[in-house]
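Let us walk through this structure one contact at a time. Keep the sequence and the 3D view side by side as you read.

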Amino acid sequence: MKRQWSWIRRRGVLLVLLGALLFWSGASIRMFASERPSVQAQRKREAIEQFLADFRAPAVNAYMVDPSLAVREHDDFLLTPALLVQEAVSDGVILTYPEE
Amino acid sequence: MRKPLIARGRVWIIVTLTVISVTAGTGPGALEPCGRGTGLIQFDAISEVNLDWSGTTNIVVFARYWVCADYYSVSVLWTEPHGGGRDLRSQRVLSDETSFRMKDEHLSSWVPANTTYPKPVGERPAFRWGGGFYGAEEMRFAEADALARRVYISDLESVKDRDGIFDVDVSQDASGAARSLAHLKVEAKDNRIDSMELFDRDQRLLAKMEYAYERDGGRRRLATLTAELPVRPVKLGSPPPTIVAPDGQTTTGRTVPDVNYVSHKGGRTCTVTYEDVALGKQVLRLPVRIRVVRSDNKQLLRSFRLMNFKRVDLDRDEVWQAAGAFGGLGRMYATWEGLMKKLVWHTPDLGPLSVDPNDPAVVRRLVAKYPVWDPPSPGRGESRIGFRKREGTFPDDIEVTREEALAWKREGIRAMEKEQERLKEHHRRVARMPRPPRKDIEPDDARLIRQLHAHYKKSQWTKEQRAVRKPDEAMVRVRYIHSPRGRQIKELRGQLDGILRYHRAPTLPEDRPPEPNDSDLKLVGELKSHYEKVALERDRGFGGRLKAINLLTWLDRAAKDFDSFESHVVRYLRMLDEAELNEMYMVGGFRYIRILLEAGRYDPTSRLVSRWAQKSAAANSPEAVYRFCHSDLGGKGYPWFGLQVLDRLLKKPDLSPLERYEGLALRAIALDRIDKLLADWETKEDASRQARAQWILKNATRADISRMLKTALVEAVAAWEALGPARMTAARPYSSANMSEKTMQLWGYPEATPLQETSARLLRIMQERTPRTSPARSGMRR
């Protein structure tokens, strides 16, 4: 009786593992199969365009960006006291630091 | 019989208090730190911002806030120094659930800053600003980003009453608004959060919060919140230009794809200090100080002090009105501005043209009379070879594309090296060429040139092109195509520009502002009496009084009353000293004293500079003093000011070897600039330069300066040698000031630190001033 239970348990575990494997591979196949070649080509094209855009970035418009990004941080900082105090006077809000 | 009743009563009291405290979020069951609902609160705030590149280095903003759970309003009263940097005065904001409303009296015609933006405000567009410009109307996106990652107590139900580290997935509809926050990693103990990491849907870290608590009897209260904000990606966009043809027809130019870039370089560490604030009978734990430093080098970027908290009983409309009354320009401002336009910010009226501007012979005659040096162009080099030539032919495989791009990059580096050699040779050849002598332009010719220039500026575009309205949105490019006539006019303007640049143009009588008449002086008196009263009023806080002092100094300048100006500057310095705005004392004080100097008031200037330098050196950190000396203020344009502060700072005994070296190096650089200024001030038509030189010569002779410079160079190099290994790392002579971003990217050069730039400058001075065989010079070149 004991041996029979042990056999059933071993087979059961094996079946569960096999089922999980089949489910996972099926899901993966479905996922890959659902992407049409045209979509794949589009993604590839977008990746290449983004790569080339980034590659050319220093020549395009990054020269002057840093000062403006610094100003953005500083200007947006004007809202920080309001957002911090608003969290402190609002029920049910955990105190955090906002974006700026 | 009485005892059980009392006992039962006690139980009820305990139960009732527990229920009240838990529902109010203060009981043992509440997770900390958490907000507590209360009414509308008003407070004042002073922000100090350090913007090294802006030419101002330190900017102080004074604002008032009204905040409750449902909405908030901000009103900026004043920015000090006024005008030169990021001037946010009169900016007003009201944000509630439905809209983000902005109003700016000072820029009342600028539509983005005087608009009500409906909510939701949408996605933040790609960043399209450059050169230090940024439209404050984009603040609405910062608020939306902050709300999208707010954490609610309902997100942390699973953490309540448990100790340990927990991974929490955040539901997307807790706040009813779109959320960028997707996941939290929370470390909690005894219902207190010790740290919390915030992640977005791509498992990218948005921020890490650390909380420190202080004990008050049996209670623990939030003392500080420290947030680490990592370097974050940002998309750079370049909106397509609007092209306007000569017939007024518009088309849209080519769209350039957005590119990836990074914001918050070096990361940000933001520390918020909380304290108990009594509001009537209620005591709230509120933020009182905010400090933001760059994480990698601990450089202080900005801070806020929050004060004067009080509860107010206003509704939303009344808050908006109160914000307008607080930050508005005031009833006398228009009169003041009109007077300034007449007496100080004078626009010369050059009168009508006496020649036919359509006759090119007029310009030809002027060009013949004042020939300019037109150096030959270096021609087109080969620097553009590389990937630009191969644009549009990239392969479909990203790996092949990447390989090709790297090959282009290598090719680009080779081409750039070749091009630099070619340009150097061209410059050497040009330097040897003869050029026409520079002349003094006759006043009548100078007037005619300026009249023609202004006329051509107006008429280079067709009537149809001028009728095309520019978009309200800032930074949207509009490109006009010249008509054949417009192209001709552009050429004529270029020739006139060339004459004004190459030869010496005189100051015309029309350039000088008119002398104030009796009626002007009467108006000045009335305005001064009004603003003197405002300068004493306390209800608009310190910022309001500084604003009044600023307006008074302008009235002094209009009336040419420099004794009164001096007394206002003394008052200004005393106010900043009392408010412990020490960096602004140095930066703002310099800006005012400089006006006295340029007005030729040398004795009061020397008096004020002595006091100003003493206090600036004593109250400021070496970092703040060096930032001032590096800048266009005390370092480049007015080195005597920087020298005075450095002399006093270097007497401090507790400077580190690196700080001492940097101070000595900056001192030598300042003396070098003074020596060069004194060498040629008499030959240049620059009133400001002449005033600076004459004032310095009242304090020292040229021989004194030369002697001081020689000693200063020796001291600076000795301090550099004594640094040990740091002299070739932290203090290595290295400059990236003249390198473009592209060159740095191609060659992999890092950005130089201010100290490295200082060492590089010191080395250049050593190369200029010491013999080749000097041991100090060869030591620095190693």
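Start with a single pair of side chains in chain B. B:E442 and B:K369 form a salt bridge, and their closest N and O atoms are 3.3 Å apart. This pair links distant parts of the chain. B:E442 sits in the loop between α6 (398–431) and α7 (443–459) of chain B, while B:K369 belongs to helix α5 (residues 360–369) of chain B. In sequence the two are 73 residues apart. B:E442 is partly exposed, with a relative accessible area of 43%. B:K369 also counts as partly exposed, at 30% relative accessibility. Keep in mind that this is a predicted model.

Move on to B:D577 and B:K615. Their side chains meet in a salt bridge of 2.8 Å, N to O. B:D577 lies in helix α12 (residues 562–578) of chain B and B:K615 in helix α14 (residues 602–619) of chain B, so the pair ties together parts that are 38 residues apart in sequence. How exposed is B:D577? At 31% relative accessibility, B:D577 is partly exposed. B:K615 has a relative accessible area of 25%, and is partly exposed because the band for that class runs between 20% and 50%.

Next comes B:K676. Its salt bridge partner is B:E768, with the closest N and O atoms 2.9 Å apart. Again the pair links distant parts of the chain: B:K676 is in helix α18 (residues 657–680) of chain B, and B:E768 is in helix α22 (residues 754–769) of chain B, 92 residues apart. B:K676 counts as partly exposed, at 32% relative accessibility. Salt bridges with shared partners join these two residues and others into one network, which consists of B:D672, B:D675, B:K676, B:R702, B:R761, B:E768 and B:R769. Over all chains, the count of salt bridges comes to 52.

Now look at a residue of another kind, B:N58. Where does B:N58 lie? It is in strand β2 (residues 57–67) of chain B. B:N58 counts as buried, at 0% relative accessibility. Its side chain makes a polar contact of 3.4 Å with the side chain of B:E48. A polar atom of the B:N58 side chain also lies 3.4 Å from the backbone nitrogen of B:M584. Beyond its neighbours within four places in sequence, B:N58 is in contact with several residues, including B:V49, B:E80, B:P81 and B:V587.

Finally, turn to the place where the two chains meet. Chain A gives 53 residues to the contact and chain B gives 104 residues. About 7,000 Å² is buried between chain A and chain B, and carbon and sulfur atoms give 68% of that area. Five salt bridges cross the interface. B:R124 forms a salt bridge with A:D76, with the closest N and O atoms 3.3 Å apart. The interface of chain A and chain B also has 23 residue pairs in polar contact. On the side of chain A that touches chain B, the elements giving two or more residues are α2 (37–60), α3 (65–76), α4 (80–88) and β1 (93–94) of chain A. Of these, α2(A) provides the largest share, 13 residues. The residues on this side of chain A divide into 32 nonpolar, nine polar and 12 charged.

Strands pair across the chains too. β1(A) and strand β7 (residues 151–152) of chain B pair in the antiparallel sense over two bridges. There, A:V93 stands opposite B:Y152 in β7(B).

Conventions
Residues are numbered from 1 along each chain as its sequence is written. Chains are lettered from A and ligands numbered from 1 in the order in which they are written. This is a predicted model: local features need pLDDT of at least 70, side-chain atom pairs count only at pLDDT 80 or more; totals for chains, interfaces and linings use all residues. Side-chain values use heavy atoms; hydrogens and water are left out. A salt bridge is a side-chain nitrogen of Lys or Arg within 4 Å of a carboxyl oxygen of Asp or Glu. Helices (H or I, at least four residues) and strands (E, at least two) are DSSP runs, numbered from the N terminus. Buried means under 20% relative accessible area, exposed over 50%, partly exposed in between (1.4 Å probe, protein chains only). Contact means heavy atoms within 4.5 Å. Buried area is the accessible area (1.4 Å probe) that two parts lose on being put together, summed over both. A polar contact is a pair of N or O atoms within 3.5 Å; within protein, one must be able to donate a hydrogen and the other to accept it, and residues adjacent in sequence count only if both atoms are side-chain atoms. Ala, Val, Leu, Ile, Met, Phe, Trp, Tyr, Cys and Pro count as nonpolar, Asp, Glu, Lys and Arg as charged, and the others, Gly among them, as polar. Two strands pair if DSSP finds at least two bridges between them.
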